[in-house]
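Below is a walk through a predicted model. The text takes up salt bridges, the contact between the chains, the domains of one chain, and the empty spaces.

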Amino acid sequence: MGYTEEELANDLNNKEYEFGFTSNIESEKFPVGLSEEVVRKISAKKNEPDWLLEYRLNAFKIWQQMTEPKWAHVTYPKPKFQEISYYAAPKKKYESWDDVDPEMKATMDKLGISMEEQKKLTGVAVDFVMDSVSVATSFKEKLGELNIIFCSFSEAVQHHPELVKKYLGSVVPSTDNFYAALNSAVFSDGSFCYIPKGVRCPMELSTYFRINESGTGQFERTLVVADEGSYVSYLEGCTAPQRDENQLHAAVVELIALDNAEIKYSTVQNWFPGDKEGKGGVFNFVTKRGMCNTNSKISWTQVETGSAVTWKYPSCILKGDNSVGEFYSVAVTNNYQQADTGTKMIHLGKNTKSTVISKGISAGKSQNSYRGLVQISNRAENARNFTQCDSLLMSDECGAHTFPYIECNNKSARLEHEATTSKIGEDQIFYCQQRGISEEKAISLIVNGYCKEVLNKLPMEFAVEAQKLLAISLENSVG
Amino acid sequence: MTTALVSEKLAAFIAPFEIPSNVFQKEAYDNLIQLDFPTTRNEYWKYTRVGKIQNSKLKIQKETKLTADVLKPFLSAANFIVLENGIFRADLSHISVEGVKVDVIKPAFISDETKFNSASQQHLFTALNATYFSELISISVAEKTVMNEALQLLVVTSGNAVFSNPRIVIDVHKYADAKFEASYVALNADGAFNNVVTAFFVAENAHVVYDKIQNENNPGFHISTEEVAQEKNSRFKINTMTLDGALVRNNINISVNGENCETHINGAVIAKETMHVDNHTFVNHRVPNCFSNENYKYVLDGKSTGVFNGRVIVQQHAQKINAYQKNANILLSDFAQINSKPELEIYADDVKCSHGSTTGQLDDDAVFYLQARGISKEKAKKLLVAAFIGEITEQISSDEVKKQVNRILAEKHDWML
């Protein structure tokens, strides 16, 4: 008997989290709770200039007056913000790669991104974030030759304060939403990247985020600035050790593409999704947004397989004329996972174009929603949007939902939106079987083909990683 | 015992109206005062502001004054009933269809046996209707009755700043085949507010077609709610044509309770000047093996605004549902605006659901094609718009009504059809 859809669903159900391990690295941790005092302490710890402290305190005040958003199609116990520790840093600091704690090296090995290997083989520069402090950065010299700045956020604050000050909060202001305000107040570290005018970054820049310390929220801040005529491809990938309590992750990512620049931002997210009973798992409430100036392009690609609750809308503000925004997403939910994700394409400039391809796969008892906004302002002449969001249902207890918002204020705009929801067609499987392809192969073929449009958009270096990280949910389908 | 009003705005709005004394409406009133006007923070009122209604000083008019000759131009069927500000005008109506019975029930006589007898409504406008309606018009179509021609419901709002609350129940029994045509007309009714609630009970194997022509003069407000319950093997089809009105909001809520049902929802909006037209549809698939299809088209000119929100829910275990939604929009002016939100909420896996939404302009090639054949650009555009809307007008069951719609389009929008 061949491999049936039920068996596939079963396999998906029974697979345990592969990347669930905790590395025992001594770390320094703040006591739980959030107050102005804590914000000041974080700032002092990182030896930050006054303007940044002010920025944090201001955001904290705003946050205190805000309430949590409730509109998303997800249900979860409200995170207890006073029971989280807002800062955790590995105690030891390292001068060079050789000084790095062997245990941490082993952790990286398990993640498949061994530094030694990478240095030799892949040509990828990695800014590895273990909890909140960057521990090792490679290929710095090579990037330095091109005057590309790629470092941890705290380093950037120390060495390039003028750039950070200019762009921090310019795309996602502290007032934007509840979690963006929280992040602005307590962000611990993150990555900063600046590509100078006319430079084409010769390699993919990659950062690994990893929540390691039990009970710490991870508040990352990423800022990517591509100056006029430059190009950068940025990779972000995440795995987290298995935990029983919910962990909160509220990151903010800001992309700024100046005139004629192009940013390609790819994410693979595979945080702990909770166990089969829906216990534990990471809460992922992320604000990601890019600002496109004239003739620039921002492209988001994401593969979302982890987290108990995901709330994420990578967006593009197409401010400049002729700018282009793209969003490619595969979101897989299983067991009791809930995802409410999509994008916002705000067309402000003339001749702006956006493409949205979203593929949802729901299995088990999960709920997977697409929520997207396409907004055409009255000045955006000849704007063009194409949106396609498809959902694939793998079990009779899961849900797939689509909530697109299309707001058009300009008559010259041309907008298309289409969405479909279905399970794998029996006729499609039958068609394959008729041609001598086993049922198992047929299912994997169909699922693979279904996601291909998005997976193809991942950079080659990342595609291999993506396959590995997707293992839990797609291993049996991606032949 | 009366509990205090929750909202000051609502208190000011309902101040001119008498607090009802009958049991049914008293209960409705107690429920009403817990509510408030929806704001744009409310997801289902995100794009429609009701401030203008809220700030109107309206009056409820109990006396009637319409005469037969005034209504003549609006009649399009042999059998018709006339409602003036929600009050049944037996003297102006004409019904002689076998198997079709019209009853008028005063609020005081609403009992547990009356269909559609829940006083507590969670939405403000249906709650207002339940509290202030003058008469419940109950139309019943007996088992196995086949109506060859549509029964026209001529719903007239007459008098300036009138608050009219027509309340209609249409009860179609087993194996019956019923056709209705509702025409909404406003006569000397500047700033009037017509707040209609229509309930349909579609029994097993029954077929219902409902054409709804909204042609109330600008400036007037129109909010209508259709509550539909479909039993097994039934078929329900509604065609909404919105041709005029300052603020029009349609809520169509269809609950599919039996298997093998078919549901068709079509709508066309032709708006100009500062019209605001908002269509909200909600199809709730509670059982397996059903089909629903939705098609809405908007043509917006001037400074008009269109809102489309189509919502389909497929409940868990409601397998083998085919549900389709389509929304196509054309903006003719720089100031027109469209907000479209087709929603799918699917909790079952063996389904085929899809939706599509497009917004654009007339095809330049098509305009050129017609111009090349000696048709002026202006004319060519009108021809193409007419063809675009034609898909919906074709759905209207009666030729008389089709003609009437085309006449209105020619008069009000200067169209050739």
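In chain A, Arg40(A) forms a salt bridge with Glu36(A), and their closest N and O atoms are 3.2 Å apart. Both residues belong to helix α2 (residues 36–45) of chain A; because they are four residues apart in that helix, about one helical turn separates them. The pair is part of a wider set, as a search of the whole structure finds 28 salt bridges over all chains.

How many salt bridges are there between chain A and chain B? The count is one. Asp350(B) forms a salt bridge with Lys423(A), with 4.0 Å between the closest N and O atoms. The cut-off for such a pair is a nitrogen within 4 Å of a carboxyl oxygen, and the distance given for Asp350(B) and Lys423(A) is 4.0 Å.

The interface itself brings 32 residues of chain A into contact with 35 residues of chain B. About 2800 Å² is buried between chain A and chain B, and carbon and sulfur atoms give 47% of this area. On the side of chain A, Tyr405(A), Ile406(A) and Lys411(A) supply 22% of the area that the chain buries against chain B, more than any other three residues.

Tyr405(A) appears again in the largest pocket, which has a volume of about 1400 Å³. Of the 45 residues that line this pocket, those closest to its centre are Tyr405(A) and Glu407(A) from chain A, with Thr40(B), Glu43(B) and Lys46(B) from chain B. Several elements give two or more residues to the lining: in chain A they are β13 (282–292), β16 (315–318), β19 (344–347), β21 (367–376) and β23 (399–408), and in chain B they are α3 (51–54) and β19 (337–346). By class, the lining of the largest pocket holds 16 nonpolar, 15 polar and 14 charged residues.

Enclosed spaces come next. The count of cavities of 30 Å³ or more is eight. The second largest cavity has a volume of about 100 Å³. Its lining has 15 residues, and Ser358(A), Gly360(A), Asn368(A), Ser369(A) and Tyr370(A) lie nearest the centre. In chain A, β17 (324–333), β20 (353–362), β21, β22 (384–393) and β23 each give two or more residues to the lining of this cavity. Strands β21 and β23 of chain A are also among the elements that line the largest pocket. The lining of the second largest cavity divides into four nonpolar, nine polar and two charged residues.

Within chain B, the domain assignment gives domain 1 (8–258) and domain 2 (363–417). The centres of domain 1 of chain B and domain 2 of chain B, taken over C-alpha atoms, are 30 Å apart. Where do the two domains of chain B meet, and how many residues are in contact? From domain 1 of chain B, 15 residues are in contact with 15 residues of domain 2 of chain B. The area buried between these domains is about 1300 Å², with 57% given by carbon and sulfur atoms. Ser76(B), Met241(B) and Leu243(B) supply 38% of the area that domain 1 of chain B buries against domain 2 of chain B, more than any other three residues. Between domain 1 of chain B and domain 2 of chain B, the count of salt bridges is zero.

Note on methods:
Residues are numbered from 1 along each chain as its sequence is written. Chains are lettered from A and ligands numbered from 1 in the order in which they are written. This is a predicted model: local features need pLDDT of at least 70, side-chain atom pairs count only at pLDDT 80 or more; totals for chains, interfaces and linings use all residues. Side-chain values use heavy atoms; hydrogens and water are left out. On a 1 Å grid over the protein atoms alone, a cavity is a set of points where a 1.4 Å probe fits but cannot get out, and a pocket is an open set with protein on both sides within 12 Å along at least five of seven lines; lining residues have an atom within 4 Å of a point. Grid points are joined across faces, edges and corners, and a volume is the space filled by probe spheres set on the points. Ala, Val, Leu, Ile, Met, Phe, Trp, Tyr, Cys and Pro count as nonpolar, Asp, Glu, Lys and Arg as charged, and the others, Gly among them, as polar. Domain bounds come from an automatic or database domain assignment. Contact means heavy atoms within 4.5 Å. Buried area is the accessible area (1.4 Å probe) that two parts lose on being put together, summed over both. A salt bridge is a side-chain nitrogen of Lys or Arg within 4 Å of a carboxyl oxygen of Asp or Glu.
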